[in-house]
Number of protein chains: 2
Amino acid sequence: MEVKNLFANLSQVKGSEEFLTLFENANVKIERIVSHSSPSPAGFWYDQDDDEWVIVVRGTAILEFANGEQVELHEGDYLTIARHAKHRVASTSEETIWLAVHVR
Amino acid sequence: MEVKNLFANLSQVKGSEEFLTLFENANVKIERIVSHSSPSPAGFWYDQDDDEWVIVVRGTAILEFANGEQVELHEGDYLTIARHAKHRVASTSEETIWLAVHVR
């Protein structure tokens, strides 16, 4: 039985956002996202075909939605981002670790 | 946008195991499991139709598999339990918080 750790091999590059797939099949992709003070580029919006359930495991972040709503997230906060709900990362702490479950 | 917190409303009943569904659709169920020093009953085995990806968010636990293998899990450790891989919780710390993604 193979056990891995979510906090292993964290990159340390300030301003970067790093994606690592932890599980994937036809219906679901689970990924770790590590953000280092890394907002999405200005004017960029995620517009995804899948629903995304996401939780902040470490750090803080602010998500911004195309309707102008901003959501401040702390450790343990989770939400579901419906498919095609346009959103971007407005800001993150120095090291924010997310767990995202993309559901087809 | 509705935000909830994984650490809200934790029950405190020693010896209990508590399940809370965080997201569910036809393909996926995401749940929080809170274990309080709560091994599975002796001789009981989980035998699930779905693959389960599981991570320990807080605390520690030991999983036992029907082939005799024991796996010790610490904070951040994750693994995939294949469907019908019979397993049980051999032991947990006083408060172990799991995040489980059941994938159809």
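B:Lys29 touches B:Thr21, B:Phe23, B:Glu24, B:Ala100, B:Val101, B:His102 and B:Arg104, not counting residues up to four places away in sequence. This residue belongs to strand β3 of chain B, which covers residues 28–35. One of its contacts, B:His102, is 73 residues away along the chain, yet the two C-alpha atoms are separated by 5.1 Å. All of this comes from a predicted model.

## How the two chains relate

Two copies of a chain are related by a rotation about an axis and a shift along it. Here, a rotation of 180° with 0.0 Å of shift along its axis places chain B on chain A, with an RMSD of 0.0 Å. This is the relation of a two-fold axis. Which residue of chain B comes closest to that axis? It is B:Asn27, with its C-alpha at 3.2 Å.

The two copies meet through the same surface, because 100% of the interface residues of chain B are also interface residues in chain A.

## Contacts across the chains

B:Asn5 is found in strand β1 of chain B, residues 4–5. Beyond its sequence neighbours within four places, B:Asn5 is in contact with A:Glu75, A:Gly76, A:Asp77 and A:Tyr78. One polar contact is clear: the side chain of B:Asn5 reaches the backbone oxygen of A:Glu75 at 3.0 Å. B:Asn5 counts as partly exposed, because its relative accessibility is 23%.

A:Trp53 sits in strand β4 of chain A. Is A:Trp53 buried or exposed? It counts as buried, because its relative accessibility is 1%. Setting aside neighbours within four places in sequence, A:Trp53 has contacts in both chains. In chain A, they are A:Tyr78, A:Leu79, A:Thr80, A:Leu99, A:Ala100 and A:Val101. In chain B, they are B:Leu22, B:Phe23, B:Ile30 and B:Leu99. A:Tyr78 is thus a contact of A:Trp53 and also of B:Asn5.

B:Phe65 lies in strand β5 of chain B, residues 61–65. Its relative accessibility is 3%, so B:Phe65 counts as buried. Outside its sequence neighbours within four places, B:Phe65 is in contact with A:Met1 from the other chain. The contacts of B:Phe65 in chain B are B:Trp45, B:Val71, B:Leu79, B:Ile81, B:Lys86 and B:His87.

## Far in sequence, together in space

The table lists residue pairs with their separation along the chain and the distance between C-alpha atoms.

| Pair | Separation in sequence | C-alpha distance |
|---|---|---|
| B:Lys29 and B:His102 | 73 residues | 5.1 Å |
| A:Trp53 and A:Tyr78 | 25 residues | 7.3 Å |
| B:Phe65 and B:Lys86 | 21 residues | 5.9 Å |

## A buried arginine

A:Arg32 lies in strand β3 of chain A, residues 28–35. Its relative accessibility is 2%. A:Arg32 therefore counts as buried, since the cut-off is under 20%. What does its side chain meet? A polar atom of that side chain lies 2.7 Å from the backbone oxygen of A:Leu6. Leaving aside neighbours within four places in sequence, A:Arg32 has further contacts, including A:Phe7, A:Ala8, A:Asn9 and A:Leu10. Also among them are A:Glu18, A:Phe19, A:Leu20, A:Leu22, A:Ile97 and A:Trp98.

## The cavity

Rolling a probe the size of a water molecule over the atoms shows where empty space is left. How many cavities of 30 Å³ or more does a search of the whole structure find? It finds one. The volume of the largest cavity is about 100 Å³. There are 17 lining residues, and the closest to the centre are A:Leu6, A:Val57, B:Leu6, B:Ile55 and B:Val57. Two elements give two or more residues each to the lining: β4 (51–58) of chain A and β4 (51–58) of chain B. By class, the lining has twelve nonpolar, two polar and three charged residues.

A:Leu6 appears twice in this picture. Its backbone oxygen lies 2.7 Å from the side chain of A:Arg32, and A:Leu6 is among the lining residues closest to the cavity centre.

## Two positive phi angles

Most residues other than glycine have a negative phi. Two loop residues have a positive value. A:His84 has a phi near 65°. A:His84 is in the loop between β7 (77–81) and β8 (87–92) of chain A. At 45% relative accessibility, A:His84 counts as partly exposed.

B:Ser37 has a phi near 45°. This serine is in the loop between β3 and β4 of chain B. B:Ser37 is partly exposed as well, with a relative accessible area of 24%.

Technical notes:
Residues are numbered from 1 along each chain as its sequence is written. Chains are lettered from A and ligands numbered from 1 in the order in which they are written. This is a predicted model: local features need pLDDT of at least 70, side-chain atom pairs count only at pLDDT 80 or more; totals for chains, interfaces and linings use all residues. Side-chain values use heavy atoms; hydrogens and water are left out. On a 1 Å grid over the protein atoms alone, a cavity is a set of points where a 1.4 Å probe fits but cannot get out, and a pocket is an open set with protein on both sides within 12 Å along at least five of seven lines; lining residues have an atom within 4 Å of a point. Grid points are joined across faces, edges and corners, and a volume is the space filled by probe spheres set on the points. Helices (H or I, at least four residues) and strands (E, at least two) are DSSP runs, numbered from the N terminus. Ala, Val, Leu, Ile, Met, Phe, Trp, Tyr, Cys and Pro count as nonpolar, Asp, Glu, Lys and Arg as charged, and the others, Gly among them, as polar. Copies are superposed by least squares on the C-alpha atoms of residues with pLDDT of at least 70 in both. Contact means heavy atoms within 4.5 Å. Buried means under 20% relative accessible area, exposed over 50%, partly exposed in between (1.4 Å probe, protein chains only). A polar contact is a pair of N or O atoms within 3.5 Å; within protein, one must be able to donate a hydrogen and the other to accept it, and residues adjacent in sequence count only if both atoms are side-chain atoms.
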